[in-house]
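Visitor: Hi! Could you walk me through this one? I'd like to begin with how the chains meet.

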Amino acid sequence: MDEHLKTELRKQGIVATTLQELYNWGRKNSLWPLNFGLACCAIEMIAASMARYDMARFGAEVFRPSPRQADLMIVAGTVTKKMAPQVVRLYNQMAEPKYVISMGACAISGGPFKQGYNVLKGIDRYIPVDVYIPGCPPRPEALIDALMTLQKLIDKQSLTGADRPRHLQAEAPSEFIVPRFGAHDLEPPQNPEVWDAPLVNISLAGTDDAGKH
Amino acid sequence: MTNSPYFPVLVLLAAGVGFAIAPLALAWIWAWKFSPRKPGPSKNAIYECGLESAGDAWIQFHPGYYLYAIIFLVFDIEAVFLLPFAVAFAGLTFAAGMAMLVFLLLLVEGLVWAYQKQVLVWS
Ligand code: SF4
């Protein structure tokens, strides 16, 4: 329907909508996050959900203690390799449609602990991330911004057609490989289905192995 | 039928059932039309804390609590019934006295049993 006509109609007190718009409107305004935090970033997430920043304004205050009831996974904090399988399994247990916000430098890349042997270098190695928030820690405003970004993303999703989101495609996977503890690292170290190793031109190649693992 | 005093109740009942079933039916139709089902081993797992459940759920717990329950019963019930018994003692018939004696003997039996099991030993 023509956007111009729609605004004209709305001025006259007539709301014209489509099933897709209603569906997206409902989903984007009731994003229930999964109730878990991994490190310091979680404190900011908690602050964002409390009265001062009040995430309830966006319909996202109902932190669910069970993955079966959650739509949104906020990976807030350092994902250690010990914790990564649990995070992926929780993501797998969430019902579609599900979204992931990767909050903070740690969840994006390992952050200050990137060189650590025990820290996963970004949760996007195992699960598809929708919104990244940089910062160490990101302020609650940043999390709210991420939430609004996600809402805009959801608003654009179409119900039918080839570019419809993953949860509407029968062939697209809903579960991803849960890594196992190997002798030296997680196995597999990343899920090639969701993560492409970024092509970087490291001039120190051969002398510095940062970023390889 | 519409004159029956129960007719509004029937209407309310139908509305209530419809209210409960309509969203479920809508969700079901929606899932069938648009959203394919995607079950999987993790999603169908019973335990939902991120960890995999380990071991068997059919294990035996030691029911140690029943000892406390029996001792409690012996002393507590005894006290509850002994007080009215003592207060009304002068006016009781012989049969009532015998009944009370049997009752007390039953409780004492529990005490003897607990003593034999060495539950009363302070260690
Ligand atoms: S990004 Fe910074 S604040 Fe957030 S979990 Fe990592 S170290 Fe903590």
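Visitor: So, how many residues does each chain bring to the contact?
Guide: Chain B puts in 17 residues and chain A puts in 26 residues. Keep in mind as we talk that this is a predicted model.

Visitor: And how much area is buried between chain B and chain A?
Guide: About 1,700 Å² is buried between them, with 51% of it on carbon and sulfur atoms.

Visitor: Which three residues supply the most of what chain B buries against chain A?
Guide: Those are B:K38, B:K43 and B:E48, which supply 36% of the area that chain B buries there, more than any other three residues.

Visitor: How many salt bridges are there between chain B and chain A?
Guide: The count is three salt bridges between the two chains. One of the salt bridges joins the side chains of B:E48 and A:R68, at 2.8 Å from N to O. B:E48 is also among the three residues that supply 36% of chain B's buried area against chain A.

Visitor: What about polar contacts across the two chains, how many residue pairs?
Guide: There are 13 residue pairs in polar contact between chain B and chain A, counting pairs with both residues at pLDDT 80 or more. On the side of chain B that touches chain A, the classes come out as nine nonpolar, four polar and four charged residues.

Visitor: Switching to pockets. What volume does the largest pocket have?
Guide: Its volume is about 620 Å³. The lining of the largest pocket is made of 23 residues, and those nearest its centre are A:A95, A:E96, A:P97, B:A31 and B:S35.

Visitor: Which elements give two or more residues to that lining?
Guide: They are α2 (19-28) of chain A together with α1 (7-33) of chain B. The largest share, three residues, comes from α1(B).

Visitor: And how does the lining split by class?
Guide: The lining of the largest pocket has eleven nonpolar, five polar and seven charged residues.

Visitor: Back to charges. How many salt bridges are there over all chains?
Guide: The structure holds ten salt bridges over all chains. One of them pairs A:K6 with A:E21, with the closest N and O atoms 2.7 Å apart. A:K6 is in helix α1 (residues 3-11) of chain A and A:E21 is in helix α2 of chain A, so this pair ties together parts that are 15 residues apart in sequence.

Visitor: I always check the backbone too. Where does the cis peptide bond with an omega of about -10° sit?
Guide: That cis bond joins A:C136 and A:P137. A:P137 is in the loop between β3 (131-133) and α6 (140-156) of chain A. Another cis peptide bond, with omega about -5°, joins A:E187 and A:P188, and A:P188 is in the segment after β5 (186-187) of chain A.

Visitor: Which residue has a positive phi although it is not a glycine?
Guide: A:D54 does, with a phi of about 55°. You'll find A:D54 in the loop between α3 (41-49) and β1 (72-76) of chain A. As background, most residues other than glycine have a negative phi, and most peptide bonds are trans.

Visitor: Last topic, the overall layout. How many helices and strands are in chain A?
Guide: Chain A has six helices and five strands. Starting at the N terminus, the order is α-α-α-β-α-β-α-β-α-β-β. The C-alpha trace of chain A spans about 70 × 40 × 35 Å along its principal axes.

Conventions: Residues are numbered from 1 along each chain as its sequence is written. Chains are lettered from A and ligands numbered from 1 in the order in which they are written. Side-chain values use heavy atoms; hydrogens and water are left out. Contact means heavy atoms within 4.5 Å. Buried area is the accessible area (1.4 Å probe) that two parts lose on being put together, summed over both. A salt bridge is a side-chain nitrogen of Lys or Arg within 4 Å of a carboxyl oxygen of Asp or Glu. A polar contact is a pair of N or O atoms within 3.5 Å; within protein, one must be able to donate a hydrogen and the other to accept it, and residues adjacent in sequence count only if both atoms are side-chain atoms. Ala, Val, Leu, Ile, Met, Phe, Trp, Tyr, Cys and Pro count as nonpolar, Asp, Glu, Lys and Arg as charged, and the others, Gly among them, as polar. On a 1 Å grid over the protein atoms alone, a cavity is a set of points where a 1.4 Å probe fits but cannot get out, and a pocket is an open set with protein on both sides within 12 Å along at least five of seven lines; lining residues have an atom within 4 Å of a point. Grid points are joined across faces, edges and corners, and a volume is the space filled by probe spheres set on the points. Helices (H or I, at least four residues) and strands (E, at least two) are DSSP runs, numbered from the N terminus.
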